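Biologist: Could you take me through one part of this model up close? I'd like to look at a single helix and what sits around it, and then see how that ties in with the rest of the chain.

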Amino acid sequence: MDPSLWGWVLLLTPLVGALVIGLGHRIWSERAAGMIGTSAIFLAFGAALIVLVQLLGMDAEERHILAGFKYAQAFGVDFRFDIYVDQLSVMMALIVTGVSALIHLYSVAYMKSDEGYRRFFAYLNFFVFSMLLLVLAGNMLLLVIGWGFVGAASYLLISYWYRRESATKAGAKAFVMNVIGDVALVIAAYLLWNELQTLTIPTLLANADDAFTVAPSATYTAVAFLLLVGAFAKSAQLPLHTWLPDAMEGPTPVSALIHAATMVTAGVYLICRMYPFIEISDAASLTAAALGTATLLIAATTALVQTDLKRIIAYSTMSQIGYMIAGAGAAAYSASMFHLMTHAIFKALLFMGAGSVIAAMGGIQDVRRMGGLRKAMPFTYIAFTIGALALAGFPLLSGFWSKDEIISFTLNRGGAFTIIAVGMYIGAILTAFYSMRAVYLVFHGDPAPEAKELEGGHIPHADPVNPATGELETTDVGFPGPDHQIAEREGEMKVAMGTLAFLALVAGLVQIPGVTAGVEHWLEPVFEDSRYAESIPSYTTQWVGLGVGALIAIAGVSFAYWAYLRNRGVTERWAERFPGVNAWLLNAWYFYWLYDRVFVRPVAAFAVFCNKVIERYVVDGIVTGTSTLVKDGAARVRTMQSGLARAYALSLIGGTIVIALYFLVVSG
């Protein structure tokens, strides 16, 4: 089979898995449903590998294939189901399916006591299919459909424990904020079709340069900014970022899937895929770089003081996606995709480690109640620490190579991008600090009671409560399952985390400046028409940047060691000394407070007004008035029905006279 046929296999296998599990949920045992869902994603990963091998066997200029069929025509437009297989889509598909397959494998053990086990795997498969549809879409219409499917799937998974009010609210919030991006993307697609008379992505990209010179520049500037709005909403960037921390209401594997392999990476992919339309506007490029950097700094400072383990990692995701968006804004597309790949690996690993810890703690997510778990959970400790060091950009680990490549490229652009690069370096030292803060608080120090119990061979259990509200819950369908699975005891979890830990150590080796540069060479044909394709820092500059990055990472890790192990309690004293700063960061720069006052409360007040005034006095008034009018009219007509023939005859004659007089007047 040629690469396009394997591309169809890659795309449709997760959909088949979702349908088989969903339609046969009464047939399959829970174990069978988990294995079907996991096997589907591993098969998709295998298909992606075959496509990769086939493309490697072709000349570089031939590695882009558009294949599909027309299924409808309307308004002069051919609606086609096309997939686009090229270096960028294949790289993205490998990341999505590879990391998702391991998350599925982890979930087989982690979710096995949950009453909604089959539903969970059907949703997971549908989520992966939606992401692959977005990635492989050959035209803007399919891309929009995949974009919307991803939002819908995220709603289903974030709200998976649907009897938790906080979970359903978080799912609705994510869905609504993503709809803002959906609308922007639809308008951008319409403008492109209106100007270029096509929705086919390769054709759009090929005609982009010519279109820039003949069409009104304002239209393409609008397209550039609309694409950015879509990317910012999906990737949780300022100002559409507040849904991501709340998305932690879903099960931990869902957090890993959303943060590592799907959803938030879609915005980065969109900018890289449609880069000619972003580069048309210097303002759009600079906006992407500036807002990406602002997001990474705000999220990194917020992560410094958070006490919920999953939220620390969530803010870390926003921060790292900020690097990628900023890098794409600076035209460092290959570097952004490289960081997307390494980030997917170590971020999935961190969430899996967090899930193992939370399960060991009986559902507790507050890092202030943890400590000393390294002896009780040595495997989780080692895996989590590798993930944290990779995130911190510690020398030679995967995040070290990818993050510093983005900074080197951004610095090389000069001008305003120099300031942005400085912001990235500040973000790097903050990242190193909060990453190791989590490690030291969770695994070092005095053992928590749960750690001691675990060392004695018992997993602590407690009454299930909502970690966000403290409310008691049951373990029936719609709530978390009663059992607690930890990596130390579950083979599937160990295999998944062990594989990711190994990759977090070595994945960066594919892109060593002047040595391998595998990602850059692979993606070079995709971005060769970029206006900044020749704006590449020298290898010497890149190695100097790596040296600076190494020093910054070591400084951040050392400072966290000093603050949380050598001088324990110093951070609490700082918080007491600077309460305003501490409150500012704890409340995530008060964006939630601001949005509540500016958007939520006015809309809620307007809804109450509509209910009490419009509904009661206008709508009800019209309905009641109409019914009263009809009722009164009927009563009057009823009184005329006396049953006397002479009265009816008199009425008939009178009516005839009135009509005759009317026509006489009109005709005269």
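Modeller: Here is a walk from one helix outwards, through its neighbours, the core, the empty spaces and the salt bridges. Keep in mind that this is a predicted model.

Let's set the scene quickly. The protein chain has 26 helices and two strands, and its C-alpha atoms fill a box of roughly 110 × 65 × 55 Å along the principal axes. Of the 668 residues, 55% are buried. If you take the contacts with a separation of 6 or more, 79% of them are between residues 24 or more positions apart.

The part I'd pick is helix H11, residues 264–273. How many of its 10 residues are buried? The count is 10 of the 10, so H11 is largely enclosed by the rest of the structure. Reading along the helix, the buried residues are Val 264, Thr 265, Ala 266, Gly 267, Val 268, Tyr 269, Leu 270, Ile 271, Cys 272 and Arg 273.

That last one deserves a pause, as it's an arginine. Which residue does Arg 273 pair with in a salt bridge? The partner is Asp 86, and the closest N and O atoms are 2.9 Å apart. Asp 86 belongs to strand S2 (residues 77–86), so to speak a long way back: the two residues are 187 apart, and the pair links distant parts of the chain. Both Arg 273 and Asp 86 are buried.

Now for a neighbour of H11. Ile 325 is found in helix H14, which covers 309–329. Is Ile 325 buried or exposed? Its relative accessibility is 0%, so Ile 325 counts as buried. Setting aside residues within four places in sequence, Ile 325 touches Gly 267, Val 268 and Ile 271, among others; those three are in the H11 list of buried residues. The other contacts of Ile 325 are Phe 232, Gln 237, Ala 288 and Gly 292. You can also check the spacing to Leu 291, which is 34 residues away along the chain: the C-alpha atoms of Ile 325 and Leu 291 are 8.3 Å apart.

H14 then takes us on to the nonpolar core. In soluble globular proteins, nonpolar side chains tend to be buried together. Here the largest nonpolar core has 197 residues, and Leu 227, Trp 243, Ile 258, Phe 277, Leu 309 and Phe 384 have the most contacts inside it. Helix H15 (residues 333–360) gives the most to this core, with 17 residues. Leu 309 is a good one to click on: beyond its sequence neighbours within four places, it is in contact with Ala 354, Val 357, Gln 365, Val 367, Met 370, Phe 384, Ala 438 and Val 442. There is also a second, separate core of 17 residues, which includes Ala 289, Ala 326, Tyr 425 and Ile 552.

What about empty space? The structure holds five cavities of 30 Å³ or more, and the largest has about 70 Å³ of space. Its lining is made up of Ile 312, Ile 313, Ser 316, Leu 350, Phe 384, Ala 388, Leu 391, Tyr 434, Ser 435 and Ala 438. H14 shows up again here: along with helix H16 (378–392) and helix H18 (416–443), it gives two or more residues to that lining. By class, the lining has eight nonpolar residues, two polar and no charged ones.

H18 also helps line the second largest pocket, as do helices H22 (539–566), H23 (570–577) and H24 (579–586), each with at least two residues. This pocket has a volume of about 760 Å³. Of its 28 lining residues, Leu 304, Arg 437, Tyr 564, Thr 571 and Glu 572 lie nearest its centre. The lining includes 17 nonpolar, six polar and five charged residues.

Finally, back to salt bridges, to put the Arg 273 pair in context. The whole structure has 13 of them. Another one joins Asp 476 and Arg 163, at 3.8 Å from N to O, and these two residues are 313 apart, each in a loop between helices. Asp 476 counts as partly exposed, at 39% relative accessibility, and Arg 163 is partly exposed too, at 44%. Arg 601 and Asp 596 meet at 2.7 Å; Arg 601 is partly exposed at 47%, as is Asp 596 at 22%. Lys 173, Asp 246 and Arg 311 are joined into one network by salt bridges that share partners.

Notes
Residues numbered from 1 in each chain as written. Predicted model: local features only at pLDDT ≥ 70, side-chain atom pairs only at ≥ 80, totals over all residues. Heavy atoms only, no water. Salt bridge = Lys/Arg side-chain N within 4 Å of Asp/Glu carboxyl O. Helix = DSSP H or I, 4+ residues; strand = E, 2+ residues; numbered from the N terminus. Buried < 20%, exposed > 50% of the residue type's maximum accessible area, 1.4 Å probe, protein only. Core = buried A, V, L, I, M, F, W, Y, C linked by side-chain atoms within 4.5 Å. Contact = heavy atoms within 4.5 Å. 1 Å grid on protein atoms, 1.4 Å probe; cavity = no way out; pocket = protein on both sides within 12 Å on 5 of 7 lines; lining within 4 Å. Points joined across faces, edges and corners; volume = space filled by probe spheres on them. Nonpolar A, V, L, I, M, F, W, Y, C, P; charged D, E, K, R; others polar.
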